[in-house]
Number of protein chains: 2
Amino acid sequence: MDHDCLKIRIEHRAVVAIGPGKAALLDSIGRCGSISAAARDMGMSYRRAWELVDVMNHSFTGPLVRTQPGGGKQGGAHVTELGLHILASYRRLMAAALAACEPELAEIGRHLAPPDQ
Amino acid sequence: MDHDCLKIRIEHRAVVAIGPGKAALLDSIGRCGSISAAARDMGMSYRRAWELVDVMNHSFTGPLVRTQPGGGKQGGAHVTELGLHILASYRRLMAAALAACEPELAEIGRHLAPPDQ
């Protein structure tokens with residue numbers, strides 16, 4: 001069964017602090033160097049990407065993404081040290097969960113309807 | 001850190017086949033004996049509960065919930081054998097994931113903003 005089907009998110013104060021979408025966005029901001037380029041890269045609106053960043057930045061003890069002064073939509077952005085730390089920790093959490101869930105994931109997978117049904 | 005913050009869902013064909021909300025709904029239908037009573041129990045609309053059941057029933061090789069003939073909103077419903085099987089498997093998956101994720105969950109938890117911030 002495809003491991004991509006296992007989605008893990010960490011909720012905090014009734015919002016998702018970090019999950020598959022936000023982790024991918026952090027990756028993309030790291031690669032692209034700005035929120036708007038990352039949003040384009042991921043096929044989401046700038047507004048949506050900004051909202052996800054805002055939730056992350058307020059869920060932790062410090063920002064995970066920092067925009068350059070005078071930034072806004074055109075400005076650059078980078079993933080902070082804390083952001084890289086949380087991202088690495090989330091990746092390790094995913095790897096550990098996947099390894100541990102393998103048997104049950106396979107069992108549930110056996111009962112999923114065929115993809116084209 | 002509170003274990004409730006770890007949310008795991010299994011996606012299939014672009015929808016959530018089983019996750020925290022659907023598992024809780026299965027539990028509730030099993031206890032309450034109908035979709036409408038389970039919806040009330042969970043503080044969600046009948047329509048929403050019915051939609052979640054519909055997604056589950058179409059995600060697997062057979063229905064997880066079966067409504068009584070002539071059912072509709074007033075009729076009874078029960079969790080099928082497959083439903084109980086998937087629910088038990090999902091619970092084992094959650095337990096295995098929680099045990100495996102403990103260190104990284106604690107690490108991420110250390111950096112979450114205080115609850116009242």
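Colleague: What rotation superposes chain A on chain B?

Modeller: Copies are superposed by least squares on the C-alpha atoms of residues with pLDDT of at least 70 in both. In this predicted model, chain A falls on chain B after a rotation of 180° with 0.0 Å of shift along its axis, at RMSD 0.0 Å. The two copies are thus related as by a two-fold rotation axis. Local features need pLDDT of at least 70 and side-chain atom pairs pLDDT 80 or more, while totals for chains, interfaces and linings use all residues. Residues are numbered from 1 along each chain as its sequence is written, and chains are lettered from A in the order in which they are written.

Colleague: How many residues does the contact take from chain A and from chain B?

Modeller: Two residues are in contact if their C-beta atoms, placed from the backbone, lie within 7 Å. The contact takes 34 residues from chain A and 34 residues from chain B. On the side of chain A that touches chain B, α4(A) gives the most, 15 residues. Helices are DSSP runs of H or I with at least four residues, strands runs of E with at least two, numbered from the N terminus.

Colleague: Which strand of chain B does β1(A) join?

Modeller: Strands pair if DSSP finds at least two bridges between them. Here 5 bridges join β1(A) to β1 (residues 6-12) of chain B, and the strands run antiparallel. Ile8(A) has Ile8(B) as its bridge partner.

Colleague: What does Ile29(A) touch, leaving aside its neighbours within four places in sequence?

Modeller: Its contacts are Ile35(A), Ala38(A), Val65(A), Ala77(A) and Val79(A).
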